[in-house]
Amino acid sequence: NPDSYSNSVPNPVLNPIPVPNSLKSSAADLVTETDQRVEKFLIMTIRRRFPQHRFIGEESIGAGEHLELTDSPTWIIDPIDGTVNFVHRFPFVAVSIAFTVNKRTEFGIVYSCVDNKLFCAQRGQGAFLNGVPLHASGQEGDILHDYNVSRCVVVTEIGAERDDEALTTVTTNICRLLKLPVHGVRALGTAAVDMCQVASGAADVYYHIGMHCWDIAASALIVQEAGGIVMDTDGAEFDMMSRRVLAASSSAVASRIAQVIRTFPCRRDDED
Ligand code: IPD
């Protein structure tokens, strides 16, 4: 709730102004003063209560902090997921917070601010949207005939990468899916909220190449706790640092989509 921190942080809705040097990795990777202030506020507040805990925050890393996920209790924070949306007032932005111990997410929260939707999950305790249990769609794939995969809604993102290889791969992947065919391909502009669409059954698949751990650490657990599957885009085990994710309503759907999409090289989040 922006009002609850109005003394220390400007109301984000009123302050979608990119800071000087607001471009990060590319022309589509922005930071605003609000991103920085929300992250500082969250870290300061949590640290007061848990002084020993570690933090991985998008803007602290962007400012040059070293990224290392250890076994220690760690908070992985994206203060505004969907910063480009925020700057343009496109109404999907979220705060994403995951808490890990031994490199495993124990709970995750995604707060979709404009529509006031609080998605959350705790390991082994289920996933919830504003207190109501969430369930993935249960759409089952049929690897041989593609019948059920062709009834899927797939969410993905163009992402912030703008080099030729990335753009060709991203657009070719969308064409390949449309030709399967799937029912539709969507993009909301925030990886965290995109993933929550799979958790809530509104979409059957989400995949993304090039996002960062803070974009999906919380929502990956939310999908799993809603009964969905999370893996690497190549079908391997999910690795939060790999910058690749594929979430789906069932492992059959996930495996089929993994056969269709191609990837492009991205530097791992934890690479020195
Ligand atoms: C971005 C969003 C976007 C995705 C980008 C992310 P940010 O996060 O999740 O949907 O396409 O790859 O970087 O920068 O707004 O926190």
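Trainee: How many of the residues of helix 5 (residues 191-199) are buried?

Mentor: The model is predicted, with pLDDT of at least 70 needed for local features and 80 or more for side-chain atom pairs, while totals for chains, interfaces and linings use all residues. Numbering starts from 1 along each chain as its sequence is written. Buried means 20 or more other C-beta atoms within 10 Å of a residue's own, exposed means 12 or fewer, partly exposed lies in between, and C-beta atoms are placed from the backbone. Helix 5 is largely enclosed by the rest of the structure, because its buried count is nine of the nine.

Trainee: Which residue with a positive phi follows helix 5?

Mentor: Helices (H or I, at least four residues) and strands (E, at least two) are DSSP runs, numbered from the N terminus. The buried residues of helix 5 include Asp194, Cys196 and Gln197. After the helix, phi turns positive, near 85°, at Gly201.

Trainee: Which helix gives the largest share of the largest nonpolar core?

Mentor: Such a core is a set of buried Ala, Val, Leu, Ile, Met, Phe, Trp, Tyr and Cys residues joined through C-beta atoms within 7 Å. This one has 63 residues, and Met195, Val198 and Ala247 are among those touching the most other members. The largest share is nine residues, and these come from helix 6 (residues 213-225).

Trainee: From which domains does this core draw at least three residues each?

Mentor: Domain bounds come from an automatic or database assignment. At least three core residues come from each of domain 1 (2-133) and domain 2 (149-260).

Trainee: Which residues come nearest the ligand?

Mentor: A residue counts as near if its C-beta atom lies within 6 Å. The shell draws at least three residues from each of domain 1 and domain 2. Of its 15 residues, the nearest are Thr83, Glu157, Gly159, Ala191 and Met211.

Trainee: What is the strand order in the open sheet of seven strands?

Mentor: Two strands pair if DSSP finds at least two bridges between them. The pairing is mixed here. Strand 3 (54-57) and strand 9 (132-133) are the edges, each with a single partner strand, so one side of each lacks a neighbour in the sheet. The order is 3-4-5-6-7-8-9.

Trainee: Which residue of strand 7 stands opposite Phe107?

Mentor: Strand 6 (residues 104-112) and strand 7 (residues 117-122) are antiparallel over six bridges. Their hairpin has four residues between the strands, and Asn116 there has a positive phi near 55°. Opposite Phe107 stands Gln122.

Trainee: Which residue has a positive phi in the turn between strand 7 and strand 8?

Mentor: Three bridges join strand 7 to strand 8 (residues 127-129), and the two run antiparallel. Phe119 faces Leu129 across this pair, and Ala121 stands opposite Ala127. Four residues separate the strands, and the positive phi, about 80°, belongs to Gly124.

Trainee: How far apart are the C-alpha atoms of Arg37 and Glu59 in space?

Mentor: Arg37 sits in helix 1. Arg37 is partly exposed, because 18 other C-beta atoms lie within 10 Å, whereas Thr34, Asp35, Gln36, Val38 and Glu39 of helix 1 are buried. Arg37 and Glu59 are 22 residues apart in sequence, but their C-alpha separation is 9.4 Å.
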